[in-house]
Amino acid sequence: MELNSKIPTGPLSEKWTKYKTEQKLVNPANKRKLDIIVIGTGLAGASAAASFGELGFNVKVFCIQDSPRRAHSIAAQGGINAAKNYPNDGDSVQRLFNDTIKGGDYRAREANVYRLAEVSNNIIDQCVAQGVPFARDYSGLLANRSFGGAQVSRTFYAKGQTGQQLLLGAYGALSKEIEKGTVKMYARREMMDLVIVDGRARGVIVRNLVTGDLERYSAHAVVVASGGYGRVFFLSTNAMSSNGSAIWQCYKKGACMANPCFTQIHPTCIPVHGDYQSKLTLMSESLRNDGRIWVPKDAEKARLLREGKIKATDIPEEERDYYLERRYPSFGNLVPRDVASRAAKERCDAGYGVNNTGRAVYLDFKEAIQRLGKQAVEEKYGNLFEMYERIVDENPYVTPMMIYPAVHYTMGGLWVDYELQTTVKGLFAAGEANFSDHGANRLGASALMQGLSDGYFVLPYTMQNYLADQINEKPLATNLPQFEEAENAVRQRITRILSINGDITTDTFHKRLGRIMWEKVGMSRTEQSLKEAIEEIKELRSEFWQKVKVPNIEGMNTELEKALRVADFLEMGELIARDALMRNESCGGHFRAEYQTPDGEAKRDDEHYAFVAAYEFQGVDNEPILHKEELKFENVELKQRNYK
Amino acid sequence: MNITLKIWRQHNASSKGQLVEYQLNDVPAEASFLEMLDILNEQLVLKGDEPIAFDHDCREGICGACGLYINGHPHGRLKNTTTCQLHMRKFKDGDTITVEPWRSEAFPIIKDLMVDRTALDKLIQAGGYISVHTGGVPDANAIPINKRNADLAMDAAACIGCGACVAACKNGSAMLFVGAKVSQFALLPQGQVESAERVQKMVARMDELGFGSCSNTYACQAECPKGISVTNIARMNRQFLAAKIAEPL
């Protein structure tokens, strides 16, 4: 297999225009004869499905929830980036490109990132036209705020519910197409397998989560926009049904997985409190605009805080260590996520952590309340403060918030070329499900941008370029042997899992996997911890297949749904650890303790690791084949990231 | 804390359901309501019983998937709170908690506490959007929008589509849900082009789908976890009347 990224030739700023000018198109009469399957209805899936429908293709779209409006994009709080430069503070497409490449620690493909920056402005125009109620100032024009990793204000937002509003915009567009009949919606369905006919993706097997039936659907192309795989860590900010199974089935059918070890640990989450805890809650990074992060200077005081003998408000100003402002004076509390997360871990590991667990730092709004007034702070962050109080039972206007890093996003995903096509012909991946734009670390407010860029402005073009050669292909009957075979394999897997009837629940296995991942493949990794993790995951996997207890229920079976996903996570965790072990450098969210600068920053090795690691499946118990896509940087100079 | 739960169990849409009692001990006060159900389900699975089916996903109060009728209130008694954000510290040791699904003609039960809310999607499909296509739209700042109206549009758009308003209404009306969507676009210049058509189509679809009428009890507003105001219903009524007279479909 050879990785061909299909980057158009020519200067960076002209590549996308050149592509669009030269690509093949499908005429309207032929579009009607072509079917596209879209898996997932988050920002990428919903926007792609709606746009395909508008162009005249027949679209079948699947989601796991009861309604397409509930996809996890809805939970994104802070905002969406664009290079509009409305505040006149020096932003441009080039600068958004530079920041994204640098923020990703030089492990993303230049051409993709430039295109992302280029279409970012179209996204804002599109969303406003859809009636997305972005925040505005008194002039009636759009308001902006700043976010981690940037020195300009380029983030558009809708209160603390930007993801919700953008998703509802895309859901509206999707609903319009459903009403028109160009898009057929299948809710409460989970993708179980990809069907390949003559070397091309031509269909899927899905499980109807209400009836438990397996269903077959065929198409001329398949788009996987099923989100990320952060729940391999069990505790994450992802939704309960977020999973990696759709992309994992694609991987097993020949699509390469790229940079699986690049996971993002978000610095501002509500700390863990107990064993029964099912998920973690993110507090928008926008809080770092006004909140100041600190721990006590004195470890003894930290101990008293942990034991509940004193309160945060008892620590006077001069005894507080605002460690981000101290270490990174020019970016301060607004350093990128990976830097902020590691710095929190470093302080807690050194014994300065607070909360009864010692795994928390303070995010303090005292100064902001003094400077702006309580009302202004409430206007900006009121809903976040309320959410915090509901969960922690403390009032953040009075007591500083406690935060700790948590798994939030996976930069890795299916390898895709410039057209967002995987190594399987006709199989495309969009949004968090692909690896393409964020390198080793994603900047805040860039996930929404990428999801909508892929769905509204990239796939509608590149899909036509692919389908132009497929216009003579008739729709496939789903009784072909390839469908039969795929469905039988899924059925066997289900039967096998149901027949184990052990005595350990799926959640218990998931938590044990999560613990291995967090401790040994988490924020800081070493050669030794990774080698141990690989062995432990293998053992856990074999135990799972002997001892898991899944009730054998006809029809809806929520435990079976979980077990099938965890079975995949138990394979995926191993690949993540393998990738982290292979990458003998630190970059972005991937921090190998052996590779750091004297002052504890990530130390890249551009000479040996400036490549995308793409893995080709060779069987569950065999090592995958590693393919390397060399990253060529012709427009930026590779530098040690410096936020000081 | 120790609690007694009375939970609605129903095998599928066509079978008969009943409240089943469960005793649950040592529930941590910091657990969310859904985490408490996770603990119960874990015990049921280990005993070889069927776990309780309920909808849930983001568990941070924004996806709108969860929705349980707790002690006679949608999402429980706590104001402005979804089921997933309700925590056990709001209950007392020894409490008996009754948990039922949304009950409304438009939301048939699928299993246990899980209902089919496809009708809400169909309402949006009737016109709850601005019909722009991708691309070819004006610059985002081409049309300034009064901040007050933009903020009010945001307040209306905050609806999470959980269906608590319908479940709370004695008539099973979806007026708050539709009113919020109609209002969002009525308040924005971009929404004006289709406003007369939108409100009439959505109201007609509401009747088709078996939602009841509004009799102004405001139970919807009282129970809405996102604090959506009934002024949105008034705005929709005004729009509807004007559209009926000026531009009937």
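## A parallel sheet, its core and two interfaces

In this predicted model, strand β10 (residues 221-224) of chain A runs parallel to β18(A) and is joined to it by 3 bridges. Within this pairing, Val223(A) lies opposite Phe428(A) of β18(A).

The two strands belong to an open sheet of 5 strands in chain A, ordered β6-β2-β1-β10-β18 and paired in parallel. β6 (183-186) and β18 (427-429) of chain A occupy the edges with a single partner strand each, so one side of each has no neighbour in the sheet. From one strand to the next, the twist averages 20 degrees. In general, strands of a sheet pair through backbone hydrogen bonds, in either a parallel or an antiparallel sense.

Residues of β10(A) also take part in the packing. The largest nonpolar core comprises 292 residues, among which Ile36(A), Val223(A), Val224(A) and Leu414(A) touch the most other members. Helix α17 (residues 558-582) of chain A makes the greatest contribution to this core, with 13 residues. Apart from its neighbours within four places in sequence, Val224(A) contacts Ile39(A), Ala246(A), Ile247(A), Cys250(A), Leu414(A), Leu427(A), Ala429(A) and Ala433(A).

Chain A is also described by its domain assignment, which gives domain 1 (267-407) and domain 2 (481-609). The centres of domain 1 and domain 2 of chain A, taken over C-alpha atoms, are separated by 30 Å. Contact between them involves 6 residues of domain 1 of chain A and 6 residues of domain 2 of chain A. On the domain 1 side, helix α10 (residues 337-352) of chain A gives the most, with 5 residues.

Between the chains, 61 residues of chain B are in contact with 63 residues of chain A. The side of chain B that touches chain A receives at least two residues from each of α1 (33-47), β6 (109-111), α2 (118-125), α3 (147-157) and α5 (175-186) of chain B. The largest share, 6 residues, comes from α1(B).

The residue classes of two contacting sides are as follows.

| Contacting side | Nonpolar | Polar | Charged |
|---|---|---|---|
| Side of chain B that touches chain A | 29 residues | 17 residues | 15 residues |
| Side of domain 1 of chain A that touches domain 2 of chain A | 1 residue | 1 residue | 4 residues |

Terms used:
Residues numbered from 1 in each chain as written. Chains lettered and ligands numbered in written order. Predicted model: local features only at pLDDT ≥ 70, side-chain atom pairs only at ≥ 80, totals over all residues. Contact = placed C-beta atoms within 7 Å. Helix = DSSP H or I, 4+ residues; strand = E, 2+ residues; numbered from the N terminus. Nonpolar A, V, L, I, M, F, W, Y, C, P; charged D, E, K, R; others polar. Domains from an automatic or database assignment. Core = buried A, V, L, I, M, F, W, Y, C linked by C-beta atoms within 7 Å. Buried ≥ 20, exposed ≤ 12 C-beta atoms within 10 Å, placed from the backbone. Pairing = 2+ DSSP bridges. Axes fitted to C-alpha atoms, helices over the stretch in contact; angles between N-to-C directions.
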